[in-house]
Amino acid sequence: MKREEREWIYGVNPVIEALLSGREVEEIFISSSRRERLETILKKAKIRNIRVRIEDKEFFDSKFPKGHQGVAALIRKREYITLEDMLDIPSKEGEDAFFVILDCIEDPRNVGAIVRTAEAVGVHGIIMQAYRSAGIGPEMVKTSAGAIEHIPISIVPNIKKAIKLMKERNILVIGAEAGSNPAPWDIDLSGPVGVVVGSEGKGLRRTVKENCDIIISIPMKGRINSLNVSVATGILLFEILRQKMLKFKKL
């Protein structure tokens, strides 16, 4: 594997999920102080004939942020799906569309947390803009707890065009923003839906908001007038899942 074809991941769950997903893993690095506690990784590496290197704590501390858990791997860079192929996934699975669109979220930890929640609720894919957004790097992968290995990602040059394409396919596109808009549980979100969430400080861009079918807000009673974007997205995605499950039970 050439140097430009590989990337780092770190943390127990990201490495395990990479192994489980069948990603091409070139080499695994384990801290000498944690070797006996990482039997699952060692066993899977042996089965797949992946080289394992034992390194000291300084090796990990010098390369990765706090929380590396003494394990890392060099893997082949992930491949992204085209938007058109992503939008075809729901019909192939016989399900109503369920997508998340990230509008210039720049904190990789927020992106990772959203990816983790999206995978948990069964989102068919996540759409991100190619610029002014957090890249898919080691910190984001770590925060996702490896969930990124199991959910399609599409990187597009312009999410407004992606939104228009969704609407052409009769997908309800909702934007989430603090304000006096309807609450998510006050509208029907049980059908094909795409959720657009905005950046940490500015929220949805005006031009993105104008392209959404509806803007919703999460009601709050406290003195703080906004939530962390990953927390707000989690609340919204689970409300959509609740409505979809309720609809399924009624069929």
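This report walks through a sheet, two helices, a surface patch and a few unusual backbone angles in a predicted model.

Residues are numbered from 1 along each chain as its sequence is written. Because the model is predicted, local features need pLDDT of at least 70 and side-chain atom pairs count only at pLDDT 80 or more, while totals for chains, interfaces and linings use all residues, and side-chain values use heavy atoms, leaving out hydrogens and water.

**The sheet and helix α2**

Let's start with the open sheet, where four strands line up as β1-β4-β2-β3 with mixed pairing. Strands here are DSSP E runs of at least two residues, helices are H or I runs of at least four, and both are numbered from the N terminus. Two strands pair if DSSP finds at least two bridges between them. At the edges sit β1 (6–10) and β3 (51–55), each pairing on one side only. From one strand to the next, the twist averages 20 degrees. Strand β2 (residues 25–31) runs parallel to β3, and five bridges link the pair. Glutamate 27, for instance, has arginine 51 in β3 as its bridge partner.

Helix α2 (residues 39–47) packs on this sheet and touches β2, β3 and β4 (71–76); contact means heavy atoms within 4.5 Å. The direction of α2 makes about 150 degrees with that of β2, using lines fitted to C-alpha atoms (for helices, over the stretch in contact) and angles from 0 to 180 degrees between N-to-C directions.

**A tucked-in helix**

Helix α1 (residues 12–21) is largely enclosed by the rest of the structure, because seven of its 10 residues are buried. Buried means under 20% relative accessible area, exposed over 50%, and partly exposed in between (1.4 Å probe, protein chains only). The buried ones are Val12, Pro14, Val15, Ile16, Glu17, Ala18 and Leu19. Their cover includes β1, β2, α2, β4 and α6 (138–143).

**Positive phi angles**

Which residues have a positive phi? Three of them are listed here.

| Residue | Place | Phi |
|---|---|---|
| Asparagine 49 | loop between α2 and β3 | near 60 degrees |
| Cysteine 104 | loop between β5 (98–103) and α5 (108–121) | about 60 degrees |
| Glycine 22 | just after α1 | about 85 degrees |

Asparagine 49 counts as exposed because its relative accessibility is 71%, whereas cysteine 104 is buried at 4%.

**Tryptophan 185**

Finally, tryptophan 185 is in the loop between β8 (172–176) and β9 (193–198). Its relative accessibility is 41%, so tryptophan 185 counts as partly exposed.
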